[in-house]
Amino acid sequence: KLPKSEVAEVVNTSIEVVTKNINKGVVLTGFGTFSVSKRKARTGRNPKTGEAIKIPATKVPRFKAGKTLKDAVK
C-alpha cells in the first residue's frame with residue numbers, strides 16, 4: 001500500500017547495498033545469499049570458426065536462494 005516511488009527507492013537502495021558489499025557476502029535472511037565466486041581460466045571454442053581461444057580467469061556474482069524463497073516457488 002506504499003506509493004510506487006517509495007517502493008522504487010527501497011528496492012534501488014537495497015540493490016545498491018548488495019552491490020557495494022557483495023565481496024563480503026550479503027545474506028538476506030529467508031531470501032538468499034549474494035556472494036562472489038572465482039572462475040578458473042579455461043580454453044573455449046569460437047563457435048563461428050571452431051578456433052580454440054583462451055578464456056581468462058574472472059570473478060562472477062552468485063546467488064543462492066534461501067529456504068523461504070524456495071518454498072514460495074514450490
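**Exercise 1. Determine how many helices and strands the chain holds, and give the order of its elements from the N terminus on.**

Solution. In this predicted model, the secondary structure of the chain comes to two helices and five strands. Read from the N terminus on, these elements run α-β-β-β-β-β-α. Helix α1 covers residues 4-21, strand β2 covers residues 32-39, and helix α2 covers residues 67-73.

**Exercise 2. Set the radius of gyration of the chain against the value for a compact globule of 74 residues, and describe the extent, burial and contacts of the chain.**

Solution. Step one concerns the radius of gyration, which is 18 Å for the chain, whereas a compact globule of 74 residues would have a value near 11 Å. Step two turns to the C-alpha trace, which spans about 55 × 30 × 25 Å along its principal axes. Step three adds burial: with buried taken as under 20% relative accessible area, 11% of the 74 residues fall into that class. Step four considers the accessible surface, which comes to about 6600 Å², with 59% of it belonging to carbon and sulfur atoms. Step five looks at contacts in the chain between residues at least 6 apart in sequence, of which 37% join residues at least 24 apart.

**Exercise 3. Name the residues that make the nonpolar surface patch, and locate V7 and classify its exposure.**

Solution. The patch is made by L2, V7, V11 and I15, and its area is about 350 Å². Of these residues, V7 may be followed further: V7 is found in helix α1, and its relative accessible area is 39%. Because partly exposed denotes the range between the buried limit of 20% and the exposed limit of 50%, V7 counts as partly exposed.

**Exercise 4. Describe the surroundings of S35, giving its element, its accessibility and the residues that it touches.**

Solution. S35 has its place in strand β2, and with a relative accessibility of 27% it counts as partly exposed. When residues up to four places away in sequence are not counted, S35 touches I22, V60, P61 and R62. A further distance concerns K64, which is 29 residues from S35 in sequence, while the two C-alpha atoms are 8.4 Å apart in space.

**Exercise 5. Find how many salt bridges the structure holds, and work out which residues are joined into one network by shared partners.**

Solution. The structure holds three salt bridges. As a general background, side chains of opposite charge can pair when their charged atoms come close.

1. K20 pairs with E16, the closest N and O atoms being 3.3 Å apart. Both residues belong to helix α1 and are four residues apart, so about one helical turn separates them. K20 is exposed at 62% relative accessibility, whereas E16 is partly exposed at 46%.

2. D71 pairs with K67, and here the closest N and O atoms are 2.8 Å apart. These two residues both lie in helix α2, four residues apart, which is about one turn of the helix. D71 is partly exposed, with a relative accessible area of 38%, while K67 is exposed at 60%.

3. D71 also forms a salt bridge with K74, at 3.9 Å from N to O. K74 is exposed, with a relative accessible area of 80%. Through shared partners, the salt bridges join K67, D71 and K74 into one network.

Notes: Residues numbered from 1 in each chain as written. Predicted model: local features only at pLDDT ≥ 70, side-chain atom pairs only at ≥ 80, totals over all residues. Heavy atoms only, no water. Patch = residues over 30% accessible without salt bridge, like charges linked within 9 Å, V, L, I, M, F, W, Y side chains within 5 Å. Areas by Shrake-Rupley, 256 points an atom, 1.4 Å probe, with all protein chains shown as cover. Salt bridge = Lys/Arg side-chain N within 4 Å of Asp/Glu carboxyl O. Buried < 20%, exposed > 50% of the residue type's maximum accessible area, 1.4 Å probe, protein only. Rg over C-alpha atoms; globule rule 2.2 N^0.38 Å. Contact = heavy atoms within 4.5 Å.
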